[in-house]
Structures are given as structure tokens and as C-alpha cells.
Amino acid sequence: MKKFVALIGLAVSAAVCAHAAAVPTIYTSQQAANGQAVFTQNCASCHGSDLQGGVGPMLIGQDFAAASANNTIGKIFTFLSTQMPEGNGGSLTHTQYEDAMAYILSKNGYPAGTAKLDYAKAKASTIPLISQVK
Ligand code: HEC
């Protein structure tokens with residue numbers, strides 16, 4: 001019995017570790033590339049060309065999305081797609097918001113994959129947003 005419990009413990013900790021290490025791929029490289037242009041045109045004036053911040057807060061690193069902030073993709077995407085650009089929230093197309101989010105994710109160390117970031121799904125996403133940039 002003891003051995004069995006120990007084995008379960010091992011399996012659980014392995015699963016937890018795997019979870020912590022795996023950064024999900026939730027956008028395509030094409031979206032991030034398009035997003036850079038969207039960001040330069042509509043966001044960089046306040047958030048900086050390298051997302052380092054300016055009039056608006058920085059959108060990169062631990063000051064933006066530390067694990068302790070408990071941000072999710074859904075929370076940040078909903079905010080940026082309804083409130084941004086500040087003073088003109090919701091003025092971009094769904095595709096532009098998807099691309100801008102993909103760009104922000106790419107700059108924060110999320111790898112590109114084959115699954116596209118989708119407007120409705122991103123809004124509802126409970127995936128934690130944790131910057132991989134220290
Ligand atoms: C006119 C200046 C301005 C522009 C342009 C602008 N923002 Fe912002 N942004 C701000 C300010 C100011 C805040 C902080 C607002 C608040 O906390 O209520 C903010 C907050 C944010 C946040 C939340 C950051 C956090 O730490 O929670 C995100 C994400 C964001 N902006 C993304 C964008 C994106 C993407 C664009 C372009 C589509 C954009 N912003 C354009 C000024 C701007």
C-alpha cells in the first residue's frame with residue numbers, strides 16, 4: 001500500500017511539473033508577424049516599440065504578467081480588445097486584435113504553433129498568461 005501511495009505521489013508531481021514546463025502554443029507565426037504591424041501602428045505610441053511602456057504600461061516581462069498576477073489570456077485579451085487603443089476601444093477588427101495579442105505573446109516567450117488564436121475563444125480562455133521573459 002505504501003508503495004502504491006508513493007507511486008501516485010510521483011505520478012502527480014510529474015504531471016504538475018510537466019504542466020508548469022509546457023507553455024501552450026496558441027497562435028501562429030503569421031499572426032505574430034501581422035501583429036507586429038498592427039502594434040506598431042496602433043499601440044506602440046503609448047506602449048513603446050519594444051513593449052517597454054510609455055504613456056501606457058509595459059506589455060512585456062514580469063511587471064506585465066508575473067505568475068503571481070493570476071492573469072489569463074481571456075482577461076488580458078478581453079481588456080485589450082474592448083478598451084484599447086485607449087480612447088478608441090474596440091475600433092480595430094477582430095483579426096487585428098488576434099494578431100496584436102499573438103505579437104504580445106510572442107514577445108513574452110510563448111512559442112508559435114499551428115493553432116490560430118481565435119477572437120471568441122481567446123476572450124473566454126482560462127489559460128494563464130505568464131510572461132516567460134524574466
Ligand atoms: C493612447 C495610448 C494607448 C494606446 C494607443 C494603446 N494603449 Fe494600451 N494602455 C494604455 C493605458 C494608459 C493603459 C492602462 C489603462 C488602465 O490601467 O486602465 C493601457 C493598458 C493596456 C493593457 C493592460 C496592461 C496590463 O498590465 O494589464 C493592454 C494589454 C494594452 N493596453 C494593450 C494595448 C494594445 C494591444 C494596443 C493597440 C491595439 C494599445 N494597448 C493601445 C494606453 C494606450
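Reader: Which residues are closest to the ligand, and how many surround it?

Author: There are 19 residues around the ligand, and Cys 43, Cys 46, Gly 56, Met 84 and Pro 85 are the closest. Keep in mind that this is a predicted model.

Reader: What makes a residue count as near the ligand?

Author: The test is a C-beta atom, placed from the backbone, within 6 Å of the molecule. The shell of 19 residues surrounds the ligand, and by class it holds 13 nonpolar, 5 polar and 1 charged residues.

Reader: Which helices supply at least two residues each to that shell?

Author: Helix 3, residues 44–47, and helix 5 each do.

Reader: Okay, helix 5 again. Why are helix 5 and helix 6 called oblique to each other?

Author: Start with the angle: helix 5 (residues 73–83) and helix 6 (residues 94–107) pack at about 135°. Roughly perpendicular covers 65 to 115 degrees, and roughly antiparallel needs an angle over 145, so what lies between those ranges counts as oblique. Helix 5 and helix 6 are therefore oblique. Their axes are 10 Å apart, and the crossing is right-handed.

Reader: Which residues make the contact?

Author: Helix 5 brings Phe 77, Leu 80 and Ser 81, while helix 6 brings Tyr 97, Ala 100 and Met 101.

Reader: How many of the residues in that contact are nonpolar, polar or charged?

Author: The split is 5 nonpolar, 1 polar and no charged. Phe, Leu, Tyr, Ala and Met are on the nonpolar list, and Ser is not, so Ser counts as polar.

Reader: Let's switch to Ala 112. Where does Ala 112 lie?

Author: Ala 112 is in the loop between helix 6 and helix 7 (119–124).

Reader: Why does Ala 112 count as partly exposed?

Author: Count its neighbours: Ala 112 has 17 C-beta neighbours inside 10 Å. Buried needs 20 or more and exposed needs 12 or fewer, so a count in between means partly exposed. That is the label Ala 112 gets.

Reader: Which residues is Ala 112 in contact with, leaving aside its neighbours within four places in sequence?

Author: Those are Thr 25, Tyr 27, Thr 28, Ser 29, Ala 32 and Ser 106. The C-alpha atoms of Ala 112 and Ile 26 are separated by 6.9 Å, although these two are 86 residues apart along the chain.

Reader: Now the whole chain: how many helices and strands are there?

Author: The protein chain has 7 helices and 0 strands, and 27% of its 134 residues count as buried. Among contacts with a separation of 6 or more, 72% come from residues 24 or more positions apart.

Technical notes: Residues are numbered from 1 along each chain as its sequence is written. This is a predicted model: local features need pLDDT of at least 70, side-chain atom pairs count only at pLDDT 80 or more; totals for chains, interfaces and linings use all residues. Axes are lines fitted to C-alpha atoms, for helices over the stretch in contact, and angles run from 0 to 180 degrees between N-to-C directions. Helices (H or I, at least four residues) and strands (E, at least two) are DSSP runs, numbered from the N terminus. Angles under 35 degrees count as roughly parallel, over 145 as roughly antiparallel, 65 to 115 as roughly perpendicular and the rest as oblique. A crossing is left-handed if the near helix is turned anticlockwise from the far one by less than a right angle, and right-handed if clockwise. Two residues are in contact if their C-beta atoms, placed from the backbone, lie within 7 Å.
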